[in-house]
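Me: I'd like to learn how to read a few local features in a model. Could you walk me through them?
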Amino acid sequence: MLNIFLRFNTSLIFISALFYLNPTPCLAKSNPESLDDMVVTANRRESTLRTAPAMVTVISGEELTQASEITVDDYLKRISSVSHSRTHIAECGPGRDITLRGIQDQKRTLVLVDGIPFNDGQGGSVNWSIIPKEMVDRIEIVRGPMSALYGSGAMGGVINIITKKPDIVDGTTISGSYGSLNTFTTSIFNAGMINNDSGYLLGGKLYQTDGYVQAIEKESYYVENERKDISLIGKYQTAINDGSILSFGINYADEDYSRGILLTDQINRTLLLTASYESWLKDGVDFSVSGYINSLDREVILSARPTYDNHDHTEKDKAIKYGQLFQLNNEIGENHLLSVGFDSSITKMDKENVYVADRDANAEGTQILLSLFIQDEISFIQGKHKLIFTPGFRVDYSKSSDGKSVDTNPGMGRAAVDIEYEDRSWSAFNPKLSLVDNIGNSTTIRASVGKSFAAPTLFSLYTVFSRGPSLLYGNPELDPEEAWSAEVGIDHYFSKNVLLRAAAYHTKSKNFIGYRSLSAFESQADNITGVKVSGIDFELHWKISSNWKLHSAYTNNRSTVAEDDTDSDIVGNYLPFVPKQKANIGVNVKVFDGILIDLNARYEGDRYDDYDNDESAVKDEYVSLDLALSGKINSNVVWTLTFEN
């Protein structure tokens with residue numbers, strides 16, 4: 001993909017050409033998603049959109065490739081009920097949270113890569129650079145509480161990024177780009193079948209830019225946000241026999257970037273290793289077992305205030321998570337499909353601050369999660385109605401241990417910290433009940449109610465975290481978050497080419513974890529007594545003709561503090577980084593000589609960046625317009641011209 005970038009203020013224009021050395025490329029998926037499309041995330045096994053017990057959106061790899069957005073998380077902004085937040089450093093910044101259903105913070109939306117949990121074990125963050133969008137087969141977004149199947153961290157929903165299989169890519173693709181701000185990318189991916197039973201996929205991508213100064217009022221210590229990302233992916237699959245598949249995977253990302261301030265730099269290294277075995281037995285029985293290692297290694301080099309012209313300290317974060325997943329599915333007669341599973345993980349965190357001055361600070365801890373889940377799908381037909389009744393529950397046990405925090409000199413007259421914390425454990429019972437009514441071939445109505453939870457992260461429990469004069473204290477007395485949610489929705493085809501999807505949802509949460517101000521420069525993690533989230537979602541997919549396709553989405557959401565025993569002043573305030581409204585409208589057009597046009601407009605309403613909702617914290621509404629043009633030079637070369645933001 002040969003890309004030429006031109007940046008005007010915050011806009012980005014680039015031309016690309018993608019070279020397929022072996023296969024013939026497919027440029028677009030022209031049909032709107034079908035209610036009969038197969039998905040795997042909503043039930044942790046194959047089902048259709050029609051029978052899924054939650055609202056699911058599927059994004060194809062073709063749609064990602066055709067769009068103007070460069071990264072996966074950028075594209076997800078188009079989807080209804082998706083909220084995003086970044087640090088002040090925008091696309092060059094480390095903080096890229098994608099959350100669902102108005103429940104802010106990445107730790108509350110579970111992200112999977114090929115069904116394997118990917119949120120890091122320290123604070124629940126996600127390194128979105130690890131999956132180049134060129135290697136995505138599809139993305140499944142399941143809205144609403146999914147703790148009954150996936151456990152802690154799935155309060156808002158689940159995003160499953162499913163990578164391509166070797167027999168789909170089957171060849172080599174090479175891409176490169178260069179543009180303004182000394183920005184360039186290059187990638188190579190190769191995949192194919194070794195024999196009839198085994199295949200592989202290997203590749204990598206490099207993104208580099210000198211960046212630009214983000215500050216509106218520039219100080220002498222502000223610098224360009226230079227950045228370099230390296231992403232590597234590998235996959236091997238082999239059929240053991242006619243009914244069994246063994247898979248191995250590796251995903252790695254190395255992000256190295258300036259944070260926009262002199263002598264300040266950050267390096268994030270993320271590694272995901274996976275091994276999975278799937279087997280289909282006779283008489284409707286199948287099972288899968290997976291093991292994974294998720295490793296985070298972060299280093300942040302910070303300069304000293306107020307001049308930022310000398311090194312102050314270096315933060316070193318290490319977190320490694322070992323996990324296992326097991327699931328057995330059994331068709332019992334014609335009307336029951338029983339799923340039983342067991343998940344477990346153990347995470348170890350080691351955080352250290354290395355100061356130039358005479359000061360030592362570190363935090364460490366261990367967290368264990370054990371879970372058992374059971375779900376039964378009961379289906380029966382009553383006239384024109386096919387009813388699917390899905391009860392299920394999950395029992396989770398969490399234990400945090402070996403907690404320790406040390407800071408020998410917090411500064412500003414604050415007392416030194418040297419604490420070893422007592423071990424704590426929690427358990428949670430998370431039931432869920434859903435009903436799906438398929439009325440003929442055109443309408444699906446669904447309703448569900450369920451409970452979800454999120455265990456306190458190791459970061460929020462044990463970390464004493466400092467930046468300049470500001471100090472952030474963990475809280476070992478935190479309780480797990482709990483929430484009850486209800487949803488009703490409808491999918492309806494007005495004709496075979498017009499699909500409308502709508503849903504209304506309500507969530508009431510208690511013990512929501514946030515940070516309270518103790519003083520001008522001190523904050524501590526604490527439980528907020530109650531949070532309330534209500535909203536509506538709409539999606540419209542309209543295939544106007546063989547060459548025209550329209551899609552649109554709208555979300556109206558209210559995420560507020562319902563009650564708080566500690567600070568009554570924040571009751572009624574909005575949660576940070578969640579817009580009250582967002583909308584999206586786009587059109588895909590095929591014009592002469594097979595040129596495809598993807599035009600998309602996105603609106604995001606006002607939002608706050610703290611719980612106090614001060615007017616100074618309001619982030620104004622905005623509209624963003626993106627355009628992508630693509631076509632074929634020949635059977636093996638695809639070009640793209642995009643205008644972003």
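Me: Which strands each supply at least two residues of the negative patch?

Reply: Keep in mind that this is a predicted model. Strand E20 (336-355), strand E21 (360-382) and strand E23 (417-420) each supply at least two. The patch as a whole is formed by Asp350, Glu352, Asp358, Asp360, Glu364, Asp402, Asp418, Glu420, Glu422, Asp423 and Glu477.

Me: Where is Glu364, and how do I read its exposure?

Reply: Patch members need over 30% relative accessible area and no salt bridge. Glu364 sits in strand E21 and has a relative accessible area of 31%, so it reads as partly exposed.

Me: What should I look at for the peptide bond between Arg305 and Pro306?

Reply: Look at omega. Here omega is about -5°, and the bond joining Arg305 to Pro306 is cis. You'll find Pro306 in the loop that runs between strand E18 (285-303) and strand E19 (311-332).

Me: And phi: what is its value at Leu263?

Reply: Phi of Leu263 is near 60°, so you have a positive value in a residue that isn't glycine. Leu263 belongs to the loop between strand E16 (244-258) and strand E17 (265-280). With a relative accessible area of 45%, Leu263 is partly exposed.

Me: How about Met412: buried or exposed?

Reply: The cut-off for exposed is over 50% relative accessible area. Met412 comes out at 54%, so it counts as exposed. Met412 isn't a glycine either, yet its phi is positive, about 55°. Its place is the loop between strand E22 (385-407) and E23.

Notes:
Residues numbered from 1 in each chain as written. Predicted model: local features only at pLDDT ≥ 70, side-chain atom pairs only at ≥ 80, totals over all residues. Heavy atoms only, no water. Patch = residues over 30% accessible without salt bridge, like charges linked within 9 Å, V, L, I, M, F, W, Y side chains within 5 Å. Areas by Shrake-Rupley, 256 points an atom, 1.4 Å probe, with all protein chains shown as cover. Salt bridge = Lys/Arg side-chain N within 4 Å of Asp/Glu carboxyl O. Lys, Arg positive; Asp, Glu negative; His and termini not counted. Charge placed at Lys NZ, Arg CZ, Asp CG, Glu CD. Helix = DSSP H or I, 4+ residues; strand = E, 2+ residues; numbered from the N terminus. Buried < 20%, exposed > 50% of the residue type's maximum accessible area, 1.4 Å probe, protein only.
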